[in-house]
Amino acid sequence: MPDREAAPLTTAAGRSGADRSLFVAVATVATIAVLTAVYLASSVIAPIVCALFIIAIVWPVQSWLQLRVPKLLALGIVIAMIAVVFVVFGSLIAWGFGRIARWLATDGERFQFLYTQLVAWLEERGIAVAGIWAEHFNMRWLMRAAQEITGRLNTTISFWLVVMVYVILGLLEIDGTERKLRAMANANAGRVMIDGASATAEKLRRYVMIRTAMSVATGVLVWAIASFWGLPLAVEWGVIAFALNYIPFIGPFIATVFPTLFALAQFGSWQEALVVFVCLNVAQFVIGSYIEPHVSGSALAISPFIVLFSVFLWTFLWGLFGAFIGVPITIAILTFCAQHPSSRWIADLLGAPKDIPTVAESV
């Protein structure tokens, strides 16, 4: 006779599997809907995210100042400090790229000649270069691309003005928001929000400090390597490497490719250019895979796959700003997930593997 007790167990197991499948389907649809909304409303959401990031960085300074001077005066000092940092950072980037653009304008025929040689070498070996590149890749095209990039950089002024407005309003409302969260009827939800926000802000401040220190080290090394090999614009390459290092993976790669192309134009030998490329990448590897993990420790541990995915995902959604803010967004999401038992598994899953030592731990 059939086992009558097995039927309810089978039914319960099937129902549990169906519920799990439904949950996965709903979560997938919700994720796609949220990402679509983030993409379509980027002009609204991106300034808010950037403002929250800045508030998390500068809030300790604001909190310290407003205990000693009036709140509005403390806010004015903090806003002035942010503006100075923006101006200095933007001026360094504009100076570095501007110098390189002027150098291209005066010595661009050499790059055109190298490109023609490369096309001829490829065609001799039966590799046809795409027609669009053969017809349109010239110095005029390169200069137009540089001008377009410059124009897009200029349009970011309005973006940063909106960000600064959000920063001012956010700094004024932090204390009131904290009181509201503590007074919520659901005390546990308020505590989770406060603890999550505090932990996220602390991690973001640590992330910025470590990334800035590593960017300075990268810039110095790139400058030293470029100077050693006699590359033109060595200081400019160091400045650009410093700025691009804030974008994980993509930035350091670009910071090594461009000097290599200039080395090829300078020496006319792919062997010497390859040596320069290898030296630059070894320096990047030592900083990114040994020094930085050793300094940051496990507090900022994220799976390298998730870091790369975050950079590409947010670059697709928000462009250049997304490439910069992608990793901080991931840090914030994982930190909030770790605050609640029901979502802690996400932070454990997407964090750095605990059974595989990093380069810093294995040396």
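# Close-up views of an all-helix predicted model

The accessible surface of the chain comes to about 21,900 Å², and 71% of this area belongs to carbon and sulfur atoms. The structure is a predicted model, and the legends below move from the whole chain to individual helices and residues.

**Figure 1. The whole chain contains 13 helices and zero strands.** Read along the sequence, the pattern is α-α-α-α-α-α-α-α-α-α-α-α-α. The chain has 363 residues, of which 33% count as buried. Among the contacts with a separation of 6 or more, 73% are made by residues 24 or more positions apart.

**Figure 2. Two cysteines are shown in a structure that holds zero disulfides.** The residue C50 has a relative accessible area of 2% and is buried, because buried means a value under 20%. The residue C279 has a relative accessibility of 27% and counts as partly exposed, because this value lies between the limits of 20% for buried and 50% for exposed. The residue C279 appears again in the view of V222, as the C-alpha atoms of these two residues are separated by 9.0 Å.

**Figure 3. Helix α6 packs against helix α7.** Helix α6 covers residues 187-228, and helix α7 covers residues 234-244. The angle between them is about 155°, and their axes are 7 Å apart. Helix α6 is therefore roughly antiparallel to α7, since angles over 145 degrees are placed in that class. The crossing of the two helices is right-handed. On the side of α6, the contact is made by T212, S215, V216, T218, G219, V222, W223, A226 and S227. On the side of α7, the contact is made by A234, V235, W237, G238, A241 and F242.

**Figure 4. V222 is a buried residue of helix α6.** Its relative accessibility is 2%, so V222 counts as buried. Leaving aside neighbours within four places in sequence, V222 is in contact with W237, G238, A241 and L280. Among these partners, W237, G238 and A241 belong to the α7 side of the contact between α6 and α7. The C-alpha atoms of V222 and C279 are separated by 9.0 Å, although the two residues are 57 residues apart along the chain.

**Figure 5. R211 is a second buried residue in helix α6.** The relative accessibility of R211 is 9%, which means that this residue counts as buried. Which residues does R211 contact, leaving aside its neighbours within four places in sequence? The partners are N245, Y246, P248 and E292.

**Figure 6. L233 and A234 lie in the loop between α6 and α7 and in helix α7, respectively.** The loop residue L233 has a phi near 60°, a positive value in a residue other than glycine. The relative accessible area of L233 is 13%, so this residue is buried. A234 is buried as well, with a relative accessible area of 10%. Not counting residues up to four places away in sequence, A234 touches W223, A226 and S227. These three partners are listed on the α6 side of the contact with α7. A234 is also 8.8 Å from P259, C-alpha to C-alpha, with their positions 25 residues apart in sequence.

**Figure 7. T260 is placed in helix α8, which covers residues 250-267.** Is T260 buried or exposed? The relative accessibility of T260 is 13%, so this residue counts as buried. Leaving aside its neighbours within four places in sequence, T260 is in contact with A273, F277 and L280. The residue L280 is also in contact with V222 of helix α6.

**Figure 8. Helix α10 packs against helix α11.** Helix α10 covers residues 304-318, and helix α11 covers residues 320-337. The two helices pack at an angle of about 135°, with their axes 7 Å apart. They are therefore oblique to each other, because this angle falls between the range for roughly perpendicular, 65 to 115 degrees, and the limit of 145 degrees for roughly antiparallel. The crossing of α10 and α11 is right-handed. The residues of α10 that make the contact are I306, V307, S310, V311, W314, T315 and W318. The residues of α11 that make the contact are L320, F321, G322, A323, I325, G326, V327, I329 and T330.

Technical notes: Residues numbered from 1 in each chain as written. Predicted model: local features only at pLDDT ≥ 70, side-chain atom pairs only at ≥ 80, totals over all residues. Heavy atoms only, no water. Helix = DSSP H or I, 4+ residues; strand = E, 2+ residues; numbered from the N terminus. Buried < 20%, exposed > 50% of the residue type's maximum accessible area, 1.4 Å probe, protein only. Contact = heavy atoms within 4.5 Å. Areas by Shrake-Rupley, 256 points an atom, 1.4 Å probe, with all protein chains shown as cover. Disulfide = S-S within 2.5 Å. Axes fitted to C-alpha atoms, helices over the stretch in contact; angles between N-to-C directions. Parallel < 35°, antiparallel > 145°, perpendicular 65-115°, else oblique. Left-handed = near helix turned anticlockwise from the far one by under 90°.
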